[in-house]
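Open the structure in your viewer and keep the sequence panel beside it. We will go from stop to stop, selecting a few residues each time.

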Amino acid sequence: MSSDVARVSVRVTGTVQGVGFRPFVYSLAARLGLSGFVGNDSAGVFAEVEGAPAAVAEFLAAMERDPPPLARIDQVVTKNMRPYGGTGFSIAPSAPGARRTALVSADSATCADCLAELRDPADRRYAYPFINCTNCGPRFTIVADVPYDRPNTTMAPFAMCERCAAEYHDPANRRFHAQPVCCPACGPRLSLRGRGGAAVPAGDPLAAAAALLRDGGVLAVKGLGGYHLAVAARIEAAAAALRARKHREDKPFAVMAAGLAAARELAEVDQTAAALLTSPRRPIVLLPRRPGTVAAAVAPGNRQLGVMLPYTPLHHLLLEAVGGPIVLTSGNLSDEPIAYRDEDAFTGLAPIADAFLTHDRAIHTRTDDSVVRAWGGRVAGSEPAGRGVAGSEPAGRGVAGSEPAWGGVAGSEPAGRGREMVIRRSRGYVPEPVTVAAAFPRPVLACGAELKNTFCLAAGDRAFLSHHIGDLENAATLRSFTEGIEHFARLFGIEPEVVAYDLHPEYLSTKYALDLDMDSCGVQHHHAHIASCLADNGHAGPVIGVAFDGTGYGTDGTLWGGEFLVADLAGFERAGHLAPVPMPGGAAAIRQPWRMTAAYLRAAFPSGPPAGLDVVKRNDRNWAAVIQMAERGVNAPVSSSAGRLFDAVAALLSVRDTINYEGQAAVELEQLADPGATGAYGCEITGQGPFCIEGAGLVRAVTGELTEGVPAPVIAARFHNGIAALIEDGCVLARERYGLGEVALSGGVFQNLLVTERAAARLAARGFRVLLHSRVPCNDGGISLGQAVVAGSRDRAGR
Ligand SMILES: [Zn+2]
Ligand SMILES: [Zn+2]
């Protein structure tokens, strides 16, 4: 064979199925005049191409340079073959394989091409609510099994009409092998149903549903990952009715706006936020709210608003028909998981929804909307540490030379280049894996924590972090957890041999793990947080890990939550922590932050706090009993939790005495803070072993300024700055003792942008390299990933 012809076999792994990879390869080969074939198997995409060596080289380069929008290539392996002079290029049929390693992609928002067709009266899919193509549409939520082919999705019952089949089989078509392809003649249909799911004869279900919303009704809408409840966002009575019927007192509702311009009417949208809003993932983005643009009941007393843009054709059509923003919140009763099966929705949501806008394409996996915050670029009012950079930094550990692990904080990045903070990682993100640096010796199942549960299945160099499961506190959520694990195991062909779990003996996830018949690995809660941050950054440690959150079970049996750990993936040492304070009433102290105020005031003022504090007056009836509980240590477990310190200060500043959802007091305290205020409260650090930071010192300072009449927003800001300062002080002390120059920040407290920005800025000014979360939540939603990498690391070490 002459040397002017080359033949190469190619294997591509990653998210390469159901994303138009084969048609992309097909048209690329055709353009370059190459012969050969391309196909899918359970491991990914395989191909062979033959032609002029330059054309073959260009083929390989273009494949990696310019893949289809939804593809994510992990690896391309090529092998030179003997040319055999074939002609033409073909697509090989899918073959079932023994190993399943091909990746299903995440659901993706309607693409611009489909949107144009949706609005084109001449197109045969004009106004068709299920339009999709290879570049967009449902994926993870409709997949029941792999390989990703139509019979393995919930589109299986819909036989393609001739015209759809022609598009599906035409390699030059945008819908070539788009598994959910359909049209009004052959695909799913909308229907409108009344209370309890009774059929309603509606000529145009969409128009009728829009009219109901405009009239102030509550509508259940079947989305990608479950049912939402919708009302017109500007109708006060409708939002209030939804809140009352859902038994949801304060937790803000998310709003869907028709487009970016409409979103800008509701909230401040900077460049980073705009990019997140319009990304194919279409998360809910928490944004600074513009007052008076939606009903007060949408997000009572909240300076932020969760906004998202339409991500299905149905949403686009509905928003256009309604003519204004709509509330779109999970279709569930307060603590239950979101309804996703029609019959469950019809019965479960009957007390809430006046009508159901539904359809006959099933949802296979319940998936909530993802929630993110946008930040970076500017740090308004952040102060330099003001102590100068001492000569104590280890050489070469400075931030300057390190990769931009947290671009934006130092203010040195170009304006607008902010970053994404994932609060809830679910629809649009899952099941994209996190690739880890060191492979798992054996497949691992990590069961996560209790609240905001996710699980994680990991094998090889991939960790599949699940969609948001919810708070594992009831049977429905637990079922979602166990079914989810089975589904992921099947989808990614992972049979776990090691199970990782939280040390808290009462977590349902822990009990589930310990019931399994396999090697088990207990991982301390805050170690898991830090390990999760390390995995998120492709780092193995050791680092100084600052894990600040609500509470997690400590190795000494007390509740931790304000921890400085010296940690790598395999283990940790507790370098320091916040001084433990009693939680009078245990769980009651979490629901009633004023109890933490009482406990902290007692610690801050041993001979009694100044007279006349509002928080004492408001809780006069129970104050003495709670103080006594703290003193005697009866039903008052001690905790070093940073979250409880935020709670204490929130109630002290009269933000609120009781909460209606997790973290509410801290969220509102952050919103109260005046970002322009300077000054930071300080507190003492003691202890020769693990150091101990007296959080009560901050409470003393807060109380002092409160009685002097300093405005609450200024006090709240100085408290936040004080937290950032104590993080800095703790890390400097840990660096002196352990010689480490890198810090990982994790735990739910770091959802607070004020704390995160200021702590990161102070640490950077002191020469630390700071690792922050980006792809994985810093809250308990990221715990399972941390558990998985810890278990993998211990397994590698033979422990
Ligand atoms: Zn499309
Ligand atoms: Zn059709």
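## Stop 1: a buried acid and its partners

Select E117. With 15% relative accessibility, E117 counts as buried, because the cut-off for buried is under 20%. Keep in mind that you are looking at a predicted model.

Now add R175. E117 and R175 form a salt bridge, and their closest N and O atoms are 2.6 Å apart. E117 lies in helix α3, while R175 lies in the loop between α4 and β6, so this pair ties together parts that are 58 residues apart in sequence. Is R175 buried or exposed? R175 is buried, with a relative accessible area of 2%.

Add R174 next. The side chains of R174 and E117 also meet in a salt bridge, at 3.1 Å from N to O. Here R174 sits in the loop between α4 (162–169) and β6 (190–193) and E117 in helix α3 (residues 112–118), so parts 57 residues apart in sequence are tied together. R174 is partly exposed, with a relative accessible area of 22%.

## Stop 2: another long-range pair

Select D354 and R245. Their side chains meet in a salt bridge of 3.2 Å, N to O. This pair links distant parts of the chain, 109 residues apart: D354 is in the loop between α10 (342–348) and β13 (355–359), and R245 is in helix α6 (residues 236–246). D354 counts as partly exposed at 24% relative accessibility. R245 counts as partly exposed at 26%.

Before moving on, go back to E117 and show D113 as well. D113, E117, R174 and R175 are joined into one network by salt bridges that share partners. How many salt bridges does a search of the whole structure find? The search finds 36.

## Stop 3: an enclosed helix

Select residues 313–322. This is helix α9, and eight of its 10 residues are buried, so the helix is largely enclosed by the rest of the structure. Which residues of α9 are buried? They are P313, L314, H315, H316, L317, L318, L319 and V322.

Zoom in on H316, which lies in α9. H316 is buried, with a relative accessible area of 5%. Show what surrounds it. Leaving aside neighbours within four places in sequence, H316 is in contact with T110, L115, L118, R119 and P310.

Then step past the end of the helix. G323 follows α9, and its phi is positive, near 80 degrees.

## Stop 4: a buried serine in a strand

Select residues 326–330. This is strand β12, and S330 is found in it. S330 is buried, with a relative accessible area of 16%. What does S330 touch, not counting residues up to four places away in sequence? Its contacts are Y227, H228, L229, K246, I338 and D368.

## Stop 5: out to the surface

Switch on the surface view. Select D335, E336, D471 and E473. Together they form a negative surface patch. To place E473 in the chain, find the loop between β17 (456–465) and α11 (475–491).

## Look back

Return to E117 for a last view. Both R174 and R175 form salt bridges with E117. Then compare the two arginines: R174 is partly exposed, whereas R175 is buried.

Technical notes:
Residues are numbered from 1 along each chain as its sequence is written. Chains are lettered from A and ligands numbered from 1 in the order in which they are written. This is a predicted model: local features need pLDDT of at least 70, side-chain atom pairs count only at pLDDT 80 or more; totals for chains, interfaces and linings use all residues. Side-chain values use heavy atoms; hydrogens and water are left out. Patches are made of residues with over 30% relative accessible area and no salt bridge: like charges are joined within 9 Å, nonpolar side chains (Val, Leu, Ile, Met, Phe, Trp, Tyr) within 5 Å. Accessible areas come from the Shrake-Rupley method with a 1.4 Å probe; for residues, only the protein chains shown count as cover. A salt bridge is a side-chain nitrogen of Lys or Arg within 4 Å of a carboxyl oxygen of Asp or Glu. Lys and Arg count as positive and Asp and Glu as negative; His and the chain ends are not counted. The place of a charge is taken as NZ of Lys, CZ of Arg, CG of Asp or CD of Glu. Helices (H or I, at least four residues) and strands (E, at least two) are DSSP runs, numbered from the N terminus. Buried means under 20% relative accessible area, exposed over 50%, partly exposed in between (1.4 Å probe, protein chains only). Contact means heavy atoms within 4.5 Å.
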